[in-house]
Amino acid sequence: MRQDAGEPYYRVSVEEAKEMLENVDGVTAVDVRALDEYTAGHIKGSLHIPVDEMLTRMDELPKEKKLLFICAMGVRSGLACEMAAAMGVETDCLYNIEEGTPVWLERNFPASYGTNL
């Protein structure tokens, strides 16, 4: 886990994210990709809020939980972290899974397909 200068979130690997989801209470994954990408495979149990809907759907994010944002390569999820921070979510609750969903799926980590959680 690391935090780059000026970023209001932490960067984590898929391994660190998996560990947090399995071993830390109060952690939720949020997939910010488009619907077609999400249905092709996503973190099991993740919320789906496309990045372009993030500001209008902020109320759907669980309060008082650590949020693990994921996309395909870490760019949109980084933007989602920035948006959440701008809307008042604390830095220590924001995490960007840098490697993205393709790496999560390649590692055979817990995943769902279609619109199933």
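This report looks at a residue, a pocket and a helix in a predicted model.

Methionine 87 is found in the loop that runs between helix α3, residues 75–86, and strand β6, residues 94–97. Its relative accessibility is 48%, and because partly exposed residues lie between the limits of 20% and 50%, methionine 87 counts as partly exposed. When the neighbours within four places in sequence are left aside, methionine 87 is in contact with Leu55 and Met58. Methionine 58 stands 29 residues apart from methionine 87 along the chain, yet the C-alpha atoms of these two residues are separated by 8.0 Å.

Met58 also belongs to the lining of the largest pocket, together with residues that include Asp59, Leu61, Pro62, Gly88, Val89 and Cys93. This largest pocket holds about 210 Å³ of space, and its lining can be sorted by residue class as follows.

| Class of lining residue | Number in the largest pocket |
|---|---|
| Nonpolar | six residues |
| Polar | one residue |
| Charged | five residues |

Among the residues of this lining are also Lys63, Glu64, Lys65 and Glu90.

Turning to helix α1, which spans residues 14–23, its buried residues are Val14, Ala17 and Met20. These three cover an arc of only 125° around the axis, and therefore they lie on the same side of α1. What covers the buried residues of α1 includes the strands β1 (10–12), β2 (27–31), β5 (66–70) and β6, as well as helix α4 (101–106). Strand β6 thus appears in both parts of this account, since the loop with methionine 87 lies between α3 and β6, while β6 is also among the elements that cover the buried residues of α1.

Terms used:
Residues are numbered from 1 along each chain as its sequence is written. This is a predicted model: local features need pLDDT of at least 70, side-chain atom pairs count only at pLDDT 80 or more; totals for chains, interfaces and linings use all residues. Side-chain values use heavy atoms; hydrogens and water are left out. Helices (H or I, at least four residues) and strands (E, at least two) are DSSP runs, numbered from the N terminus. Buried means under 20% relative accessible area, exposed over 50%, partly exposed in between (1.4 Å probe, protein chains only). Contact means heavy atoms within 4.5 Å. On a 1 Å grid over the protein atoms alone, a cavity is a set of points where a 1.4 Å probe fits but cannot get out, and a pocket is an open set with protein on both sides within 12 Å along at least five of seven lines; lining residues have an atom within 4 Å of a point. Grid points are joined across faces, edges and corners, and a volume is the space filled by probe spheres set on the points. Ala, Val, Leu, Ile, Met, Phe, Trp, Tyr, Cys and Pro count as nonpolar, Asp, Glu, Lys and Arg as charged, and the others, Gly among them, as polar. The arc is that of the directions from the helix axis to the C-beta atoms.
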